[in-house]
Amino acid sequence: MDMKKIVNPWKGMAGYNCFGCAPDNPAGFHLEFFEDGDDIVTFWQPSAPYQGWEGIVHGGIQALLLDEVCGWVVTRKRQTAGVTMSMETRYLKPVSASNRRLTVRARIREQQRNILVIDAEILNDEGLRCTVATCRYYLFSHERAMQIMHFRPCRTEDEEGE
């Protein structure tokens with residue numbers, strides 16, 4: 001299955017300044033997301049300013065990437081907004097800051113009422129799993145998501161053209 005680019009429903013909204021995905025945040029990562037079957041995927045190129053130990057991407061930066069892709073699973077796959085309740089992260093291999101491109105992907109494991117359990121992983125440029133996480137998100141009702149998070153339907157570029 002080919003990846004479909006997700007259109008950011010908050011792009012251009014006043015006050016939208018997410019560090020992970022807002023395209024206009026000057027200090028942010030400007031992440032873009034893609035739907036690949038059941039997975040949501042993003043790519044990021046690390047560099048020296050994001051190091052913890054010498055030559056290794058800081059664990060907090062890795063956690064940010066994992067949490068962000070999980071948030072987009074909620075946005076796209078459940079068509080609502082939510083908040084992170086918990087995140088369990090396991091660092092399996094060091095992530096070199098000299099990687100050309102990291103792949104960060106996530107998918108739904110299960111849903112229990114309004115709690116969504118999501119599995120995520122970071123793959124280095126050789127395709128090796130370096131970091132994994134399980135996030136639990138509290139899902140807002142659609143009405144609440146629109147009210148407090150300004151949620152709008154999340155579509156792919158293909159769907160926007162329809």
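**Aromatic rings, a central helix and a pocket**

Arg-152 has a relative accessible area of 36%, and is therefore partly exposed. The model in which this residue is described is a predicted one. Arg-152 belongs to the loop that runs between α2 (142-149) and α3 (157-160). Once residues up to four places away in sequence are set aside, Arg-152 touches Pro-9, Trp-10 and Met-13. Met-3, by contrast, is 149 residues from Arg-152 along the chain, and the C-alpha atoms of these two residues are separated by 22 Å.

Trp-10, one of the residues that Arg-152 touches, leads to the aromatic residues of the model. Trp-10 forms one aromatic cluster together with Tyr-16, Phe-33, Trp-72 and Phe-151. The structure holds ten aromatic pairs in total. One of them joins Phe-29 and Tyr-50 in an edge-to-face arrangement, with 5.2 Å from centre to centre and 75 degrees between the planes. Phe-29 lies in the loop between β1 (4-5) and β2 (34-36), whereas Tyr-50 lies in the loop between β3 (39-44) and α1 (59-77), so this pair ties together parts that are 21 residues apart in sequence. The two partners are not equally accessible: Phe-29 counts as buried because its relative accessibility is 8%, while Tyr-50, at 25%, is partly exposed. Phe-34 and Phe-43 make up another aromatic pair, tilted, with 5.9 Å between the centres and 55 degrees between the planes. Phe-34 has a relative accessible area of 19%; because the limit for a buried residue is under 20%, Phe-34 is classed as buried.

Phe-43 also has a charged partner. The charged end of Arg-101 sits over the ring of Phe-43, 3.9 Å from the ring centre. Arg-101 is found in the loop between β4 and β5 and is partly exposed, its relative accessible area being 44%. Apart from neighbours within four places in sequence, the contacts of Arg-101 are Phe-43, Trp-44, Leu-123, Asn-124 and Asp-125. Thr-80 is 21 residues from Arg-101 along the chain, and their C-alpha atoms are separated by 29 Å.

Thr-103 gives a second view of this part of the model. Thr-103 is found in strand β5 (residues 102-112) and counts as buried because its relative accessibility is 14%. With neighbours within four places in sequence left aside, Thr-103 is in contact with Val-41, Thr-42 and Phe-43, and also with Glu-121, Ile-122 and Leu-123. Phe-43 and Leu-123 thus appear among the contacts of Thr-103 and among those of Arg-101.

Helix α1 comes next. From its first C-alpha to its last, this helix of 19 residues reaches 27 Å, close to the 27 Å expected at 1.5 Å a residue. Because 14 of the 19 residues of α1 are buried, the helix is largely enclosed by the rest of the structure. Gln-79, which follows α1, has a positive phi, near 50 degrees.

Helix α1 also takes part in the largest pocket, whose volume is about 360 Å³. This pocket is lined by 16 residues, and those nearest its centre are Trp-10, Gly-71, Thr-75, Gly-82 and Met-149. Two elements, α1 and β4 (82-91), give two or more residues to the lining. The largest share, six residues, comes from α1. Trp-10 brings the description back to its start: this residue is among those nearest the pocket centre, belongs to the aromatic cluster and is touched by Arg-152.

Key
Residues are numbered from 1 along each chain as its sequence is written. This is a predicted model: local features need pLDDT of at least 70, side-chain atom pairs count only at pLDDT 80 or more; totals for chains, interfaces and linings use all residues. Side-chain values use heavy atoms; hydrogens and water are left out. Rings of Phe, Tyr and Trp (its six-membered ring) pair if their centres lie within 6.5 Å; planes under 30 degrees apart count as stacked, over 60 as edge-to-face and the rest as tilted. Helices (H or I, at least four residues) and strands (E, at least two) are DSSP runs, numbered from the N terminus. Buried means under 20% relative accessible area, exposed over 50%, partly exposed in between (1.4 Å probe, protein chains only). A charge sits over a ring if NZ of Lys or CZ of Arg is within 6 Å of the ring centre and within 35 degrees of the ring normal. Contact means heavy atoms within 4.5 Å. The expected span of a helix is 1.5 Å times one less than its number of residues. On a 1 Å grid over the protein atoms alone, a cavity is a set of points where a 1.4 Å probe fits but cannot get out, and a pocket is an open set with protein on both sides within 12 Å along at least five of seven lines; lining residues have an atom within 4 Å of a point. Grid points are joined across faces, edges and corners, and a volume is the space filled by probe spheres set on the points.
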